[in-house]
There are 2 protein chains.
Amino acid sequence: MKKGSMRTTMKDLVESTGFSKTTISQILNGKGDRFPETTKKAVFDAVKELDYRPNQLAVGLTKKETKTIGLIISDIRNVFFSNLAKGIEDKCRENGWNLILCNTSDMHERDLEYIKVLTDKGVDGIIYGMSIDSNLKKAEESLDFLKLQKVPYVMIDRTISNKNCLVVKTDHETGGYLATRHLVDLGHSRIACITGPPWLKDNQERLKGYRKALEEGGVTYDPELIIEGKYTFESGRRGVDLLKGKEFSAIFAFNDLSAYGVYSRLKELGVKIPSEVSLVGYDDQFFSTLLDVPLTSVFQPSEKLGARAVELILECRKEGRYRSGEFMLGPHLTVRESTCRYPSGS
Amino acid sequence: MKKGSMRTTMKDLVESTGFSKTTISQILNGKGDRFPETTKKAVFDAVKELDYRPNQLAVGLTKKETKTIGLIISDIRNVFFSNLAKGIEDKCRENGWNLILCNTSDMHERDLEYIKVLTDKGVDGIIYGMSIDSNLKKAEESLDFLKLQKVPYVMIDRTISNKNCLVVKTDHETGGYLATRHLVDLGHSRIACITGPPWLKDNQERLKGYRKALEEGGVTYDPELIIEGKYTFESGRRGVDLLKGKEFSAIFAFNDLSAYGVYSRLKELGVKIPSEVSLVGYDDQFFSTLLDVPLTSVFQPSEKLGARAVELILECRKEGRYRSGEFMLGPHLTVRESTCRYPSGS
């Protein structure tokens with residue numbers, strides 16, 4: 001029989017007796033009626049001889065760590081997400097953890113598959129950014145499936161209202177407020193929005209901030225100026241076309257990628273930014289500084305969001321339990337050259 | 001006893017006999033001398049009753065597939081790599097495979113760690129883009145370590161000369177040639193280069209194409225005009241400063257990211273593109289179209305490169321053996337507004 005200084009494990013019992021883990025577990029848990037007495041005696045003898053003590057500390061989460069976090073993001077080509085991934089990776093490394101990443105290309109069914117792949121690979125936590133093609137029902141399906149996996153998880157950026165889980169995000173109401181307040185302060189009163197998908201909470205919050213700033217500035221809210229977008233370049237371009245014939249002097253695009261779409265379409269149409277139309281984006285990506293007319297944009301602290309998500313996973317592991325709560329980081333407005341006073345030259 | 005239409009597995013034998021997988025395997029492989037005759041008989045009886053047949057197809061590579069490919073890339077924030085990842089992911093999905101991705105932030109020691117993480121997670125193949133901070137010795141270390149892992153792997157984009165492995169890449173000599181030929185045809189004879197790291201084969205090949213085009217055009221090669229860069233935005237900006245005092249009318253930046261650096265620094269210095277300096281990039285990223293002066297650039301088929309790498313991994317798995325070889329895809333030149341005839345207006 002093996003006599004070492006290491007704590008005896010189930011594996012030692014399996015090796016010593018020749019019985020399977022299932023057989024031994026059932027016998028030790030008083031569910032071994034179907035086994036012969038000789039089998040049961042052999043197991044109990046081995047337990048005594050090897051001094052086997054089942055781990056009493058076992059709680060909700062298994063403690064056998066692989067020190068790996070899985071990240072599911074919806075579009076790796078969106079700079080917001082690649083910066084987020086960078087922040088997550090750096091924080092992981094700082095703590096001696098590794099990151100593996102799955103990209104869903106914004107397709108809901110891949111969310112579910114990758115949740116499964118990551119748990120099959122034994123990750124110790126999942127950071128999850130939902131696909132944009134999810135509707136409310138699909139989003140609930142993903143979250144319910146994630147809960148089943150018994151690993152700590154953090155929702156990043158995108159979430160839905162009624163779920164009790166960990167969320168790390170930018171304070172989007174403040175973000176929407178800052179963008180709109182800036183335009184109102186410049187004298188704009190007809191401010192169009194190219195939004196994200198309406199079912200997403202982060203979109204709803206930007207819109208809430210927009211309305212709050214209008215109200216404070218005494219500007220009437222006009223639903224005609226709210227154009228539904230998809231956070232994509234193409235939906236920004238399309239948004240401009242959908243605004244045709246409407247009166248407006250400024251556009252607030254709910255992310256930089258769609259702002260680039262607005263920018264490119266306005267340029268094609270010969271509309272001057274900012275003298276004819278002021279434009280505000282949201283994300284404050286690196287490329288916004290390189291544009292002919294550098295973009296005024298709401299800065300999201302994407303790397304910090306990623307780092308905070310990792311910290312929360314590590315705290316869950318340390319405490320051995322799940323937590324819930326919403327953690328918000330503050331945005332700020334970076335004013336560049338794409339916005340100006342209305343009427344222009346006034 | 002279980003009687004189903006499914007093939008009997010080792011797991012069924014474990015459940016049926018109560019013995020562990022190790023015990024059963026040893027007995028079936030003639031190594032069960034230490035077990036009592038009753039144990040051996042019980043195992044053989046179960047094998048007969050359940051019609052258990054071990055899988056005879058096991059060959060060089062283990063066939064127990066997880067249908068997962070691991071991708072190691074050096075900088076997820078570089079659009080070339082995020083497009084590559086997109087191409088890999090789409091091709092994986094087309095074949096019912098999954099992709100997990102690791103980002104090294106261009107640090108060599110992370111290359112080694114992630115190779116280990118991915119093999120520990122049981123991936124069936126690795127697609128590997130080397131870190132830029134690797135020197136020749138480090139690159140060899142990575143490749144030797146990768147070979148040890150006994151999974152098929154494909155080097156993507158970056159490689160070193162003397163290694164016998166699978167490589168998928170753009171034909172960079174042609175790429176370098178196309179960019180330079182275009183400038184020579186426009187009348188330029190003083191063409192500066194902002195290169196990548198000199199030890200990288202893809203950099204050497206671009207340079208070879210550059211020299212070939214100069215030679216064909218009867219232009220003298222001047223090593224003074226070759227500035228060493230790092231494929232980064234900052235190294236593009238720095239390249240412009242290092243060219244101070246030298247005579248040149250065009251710059252060929254060896255990737256778009258460094259071309260953006262050149263673009264931004266020239267703009268700051270008040271140098272007009274293309275009338276004072278023509279600029280050609282390499283990658284043909286999406287953002288190159290959005291610049292004030294849209295960038296002339298060599299298009300790399302990044303999504304197709306990714307797809308081809310996946311096909312090669314799948315072929316290796318199917319054939320059950322490793323392969324080697326270099327697979328090149330052709331680039332093309334996309335001419336936009338950042339290049340013009342020299343002297344300007346001629």
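A salt bridge here is a side-chain nitrogen of Lys or Arg within 4 Å of a carboxyl oxygen of Asp or Glu. By that yardstick, the predicted model holds 60 salt bridges over all chains. One of them joins the side chains of Glu311(A) and Lys91(A), at 3.3 Å from N to O. Glu311(A) sits in helix H11 (residues 302-319) of chain A and Lys91(A) in helix H4 (residues 79-94) of chain A, so this pair ties together parts that are 220 residues apart in sequence.

Turning to the interface, 42 residues of chain A touch 42 residues of chain B. Between them, chain A and chain B bury about 3900 Å², and carbon and sulfur atoms account for 56% of that area. On the chain A side, Arg77(A), Lys121(A) and Leu290(A) lose the most area to chain B, together making up 17% of what that side buries.

Charge pairing also spans the two chains: eight salt bridges are counted between chain A and chain B. Arg77(A) turns up again here, with its side chain meeting that of Glu303(B) in a salt bridge (3.4 Å, N to O). Arg77(A) is thus both among the three residues of chain A that lose the most area to chain B and a salt-bridge partner of Glu303(B).

Then there is the surface. Asp292(A), Glu337(A), Asp292(B) and Glu337(B) gather there in a patch of negative charge, with residues contributed by chain A and chain B. As for where one of these acidic residues falls in the fold, Glu337(B) is found in the segment after strand S12 (332-334) of chain B.

Notes: Residues are numbered from 1 along each chain as its sequence is written. Chains are lettered from A and ligands numbered from 1 in the order in which they are written. This is a predicted model: local features need pLDDT of at least 70, side-chain atom pairs count only at pLDDT 80 or more; totals for chains, interfaces and linings use all residues. Side-chain values use heavy atoms; hydrogens and water are left out. Patches are made of residues with over 30% relative accessible area and no salt bridge: like charges are joined within 9 Å, nonpolar side chains (Val, Leu, Ile, Met, Phe, Trp, Tyr) within 5 Å. Accessible areas come from the Shrake-Rupley method with a 1.4 Å probe; for residues, only the protein chains shown count as cover. Lys and Arg count as positive and Asp and Glu as negative; His and the chain ends are not counted. The place of a charge is taken as NZ of Lys, CZ of Arg, CG of Asp or CD of Glu. Helices (H or I, at least four residues) and strands (E, at least two) are DSSP runs, numbered from the N terminus. Contact means heavy atoms within 4.5 Å. Buried area is the accessible area (1.4 Å probe) that two parts lose on being put together, summed over both.
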